[in-house]
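Biologist: I am new to this structure and would like a close look at one part of it. Please take me through how a pair of helices is arranged.

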Amino acid sequence: MIISDKRDLKHWLELRRSLKLNHTEFRMLLGVSSNAQYRSYREGKKEPLIRVWLRMKERLKQVNVELPDSFYCDTSEYKITNDEKKVVNDLLELRTELGITQDEFSEIIGVGGNTYSLYELRRTNPSVSTALKIKYYALSRGYYLDDSFWFTEVNRRLYGQEHR
């Protein structure tokens with residue numbers, strides 16, 4: 001099953017029912033700790049951080065459910081060629097390779113300069129849509145950021161996610 005639109009609550013409901021789970025069991029499958037947090041994601045009131053989204057995707061993949069990136073980000077606006085991509089290890093390296101300032105990059109992805117600075121320093125994770133904008137902007141410019149890029153050492157220890 002593929003869920004395609006975060007605003008369509010019927011998909012979340014159908015998915016939960018198809019897995020024959022109640023809300024609590026489904027929330028636990030997703031790895032979401034509180035009912036309020038689960039409800040805000042389900043109702044589209046709040047976006048999970050990228051590390052939470054990747055964990056949710058991984059857990060759903062175990063029960064044969066695919067959540068594409070387009071669930072949280074319109075990827076059609078990025079023109080991505082099949083040319084070989086240069087792998088970058090962090091946002092500072094990406095920004096330097098692109099030859100732009102923090103302010104310019106923060107404007108491109110639609111966040112404030114201070115917020116972007118925290119992403120670059122890996123002091124916080126962006127929301128799913130912001131992380132995907134960064135990923136697809138990088139891809140459109142010939143650079144590749146693996147999803148595991150978003151897991152800092154702290155996140156790996158807390159959530160058991162291995163760096164791939």
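How are α2 and α4 oriented to each other, roughly parallel or roughly perpendicular?

Modeller: This is a predicted model, and the mean pLDDT of its chain is 77, with 78% of the residues reaching 70 or more. Two packed helices are described by the angle between their axes and the distance between the axes. For helix α2, which covers residues 23-30, and helix α4, which covers residues 50-61, the axes come within 8 Å and cross at roughly 110°. Angles of 65 to 115 degrees count as roughly perpendicular, and α2 and α4 are therefore roughly perpendicular to each other. On the side of α2, the contact is made by F26, M28, L29 and L30, while α4 contributes R55, M56, R59 and L60. Sorted by class, the contact of α2 with α4 holds six nonpolar and two charged residues, and no polar ones.

Another pair, α6 and helix α7 (residues 113-120), can be set beside this one, since α6 and α7 pack at an angle of about 100° with their axes 9 Å apart. The helices α6 and α7 are therefore roughly perpendicular to each other as well. Here Q102, D103, F105, S106 and I109 in α6 meet G113, Y116, S117 and E120 in α7, and by class this contact of α6 with α7 has three nonpolar, four polar and two charged residues.

As for confidence, helix α6 (residues 102-109) has the highest mean pLDDT among the elements of the chain, at 92, whereas helix α9 (residues 153-159) has the lowest, at 48. Where pLDDT is low, the predicted coordinates should not be read in detail.

Methods
Residues are numbered from 1 along each chain as its sequence is written. This is a predicted model: local features need pLDDT of at least 70, side-chain atom pairs count only at pLDDT 80 or more; totals for chains, interfaces and linings use all residues. Side-chain values use heavy atoms; hydrogens and water are left out. pLDDT is the predictor's confidence in each residue, from 0 to 100. Helices (H or I, at least four residues) and strands (E, at least two) are DSSP runs, numbered from the N terminus. Axes are lines fitted to C-alpha atoms, for helices over the stretch in contact, and angles run from 0 to 180 degrees between N-to-C directions. Angles under 35 degrees count as roughly parallel, over 145 as roughly antiparallel, 65 to 115 as roughly perpendicular and the rest as oblique. Contact means heavy atoms within 4.5 Å. Ala, Val, Leu, Ile, Met, Phe, Trp, Tyr, Cys and Pro count as nonpolar, Asp, Glu, Lys and Arg as charged, and the others, Gly among them, as polar.
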